[in-house]
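Trainee: Please give me a close look at a single part of this model, and then relate that part to its surroundings and to the whole.

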Amino acid sequence: MNSHAILLISCHDQMGISAKVTAFLAKYKGNIVEIEQHVEDDKFFMRARWSLCDFELKRENIEAKFDDEVASYLTDAKFQFFFTDTKPRLAIFVSKASHCLFDILSRRSSFPMEISLIISNHDKLEPIAKSFGIPFFYLPVTKENKAEVEKKQLELLKENDITLVVLARYMQILSNQIIEKFPNRIINIHHSFLPAFPGAKPYHQAFAKGVKIIGATSHYVTEQLDEGPIIEQDVARVSHSDSVNELIRKGKDLEKIVLSRAIYNHINHKIITHKNKTFIL
């Protein structure tokens, strides 16, 4: 299978950026298969993907060559390279709800990712992990042991070389200790009723209000609760004839698909963040 390289770059907008990038790739016989760019706030953003089949630079030399021949001529340039044959390693955090977990596990064969472990503050979903052959770590959380549990979680993430943490309805607030270790590498999913319907039973509150649309939002986790850069959203129409259970069913369907889209965009290196928002390129 032909491997590809992916470049994500941002810099101050100026004339000729695209030309510089594409000329660099052409110089070393990189066949571009995808390229997309966006300009906002006088900033330039680009994602480029090219085949490594005939590319004349060794992987370990690409970054230094690009920095010397392209990035050094751009103002405030920041860039990253990724390779499609290196799969991101995921850790999934769960509590009691299983719908998002099942959905992610069902996509293992079609998504370029490795699910290395599952961490939970309840043991309810352990049989699911065992049926898929994935290590499960039951770490109950209380006010008294929260710091100790998060220390153990960080140890597990480090030992397993985790590159992405997915909160698949993990009903605990992560401390800054973990968030700082994984900037823009922790993805959360929640119902889009926030902040109008906070708390444990948003669908019951929505039903009582007679809402006409329900939704779900997936975003990166930051220190500001539920205010990180939004990656994906979707909605479904509901009516007065829908019961609370029907709202919950529709809501779970939305949560699954919205979370999976966010994961897909991240592991395929399609996301660039800027000022607490994302560009999906």
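Mentor: A residue is called buried when its relative accessible area is under 20%, exposed when it is over 50%, and partly exposed in between. The model is a predicted one, and the class of P135 follows from these limits: its relative accessible area is 42%, so P135 is partly exposed. P135 lies in the loop that runs between α4 (126–131) and β7 (136–138). Leaving aside residues up to four places away in sequence, P135 touches S116, L117 and I118. For one of these partners the spacing can be stated: S116 is 19 residues from P135 in sequence, while their C-alpha atoms are 7.2 Å apart in space.

The helix α4 that precedes this loop also belongs to the surroundings of α3, where α4 is among the elements covering the buried residues. Helix α3 therefore merits attention in its own right: 6 of its 8 residues are buried, so α3 is largely enclosed by the rest of the structure. Those buried residues are H99, C100, L101, D103, I104 and L105. Besides α4, their cover includes the strands β5 (89–94), β6 (114–120), β8 (164–167) and β9 (186–191), together with helix α8.

The packing of α3 (residues 99–106) on α8 (residues 244–267) can be described further, since their axes come within 9 Å and cross at roughly 45°. This angle lies outside the parallel, antiparallel and perpendicular ranges, and α3 is therefore oblique to α8. The crossing of these two helices is right-handed. On the α3 side the contact is made by H99, C100, D103 and I104, and on the α8 side by K252, E255, K256, L259, S260 and I263. Sorted by class, this contact of α3 with α8 comprises 4 nonpolar, 2 polar and 4 charged residues. The α3 contributors H99, C100, D103 and I104 also appear in the list of buried residues of α3.

A second helix pair may be set beside this one. The axes of α1 (residues 17–27) and α2 (residues 59–69) come within 11 Å and cross at roughly 135°. That angle makes α1 oblique to α2, and α1 passes α2 in a right-handed crossing. Here V21, F24 and K27 of α1 meet I62, K65, F66 and E69 of α2. By class, the contact of α1 with α2 has 4 nonpolar residues, no polar ones and 3 charged ones.

A single residue offers a contrast to P135. H219, in strand β10 (residues 213–220), has a relative accessibility of 3% and therefore counts as buried. Apart from residues up to four places away in sequence, H219 touches I186, I187, N188 and H190, as well as D226, G228, P229, I230 and I231.

As for the whole, the protein contains 8 helices and 13 strands. Of its 281 residues, 47% count as buried. Among contacts with a separation of 6 or more, 68% join residues 24 or more positions apart. Along the principal axes, the C-alpha atoms fill a box of roughly 60 × 40 × 35 Å. The radius of gyration is 21 Å, which agrees with the value near 19 Å for a compact globule of 281 residues.

Note on methods. Residues numbered from 1 in each chain as written. Predicted model: local features only at pLDDT ≥ 70, side-chain atom pairs only at ≥ 80, totals over all residues. Heavy atoms only, no water. Helix = DSSP H or I, 4+ residues; strand = E, 2+ residues; numbered from the N terminus. Buried < 20%, exposed > 50% of the residue type's maximum accessible area, 1.4 Å probe, protein only. Contact = heavy atoms within 4.5 Å. Axes fitted to C-alpha atoms, helices over the stretch in contact; angles between N-to-C directions. Parallel < 35°, antiparallel > 145°, perpendicular 65-115°, else oblique. Left-handed = near helix turned anticlockwise from the far one by under 90°. Nonpolar A, V, L, I, M, F, W, Y, C, P; charged D, E, K, R; others polar. Rg over C-alpha atoms; globule rule 2.2 N^0.38 Å.
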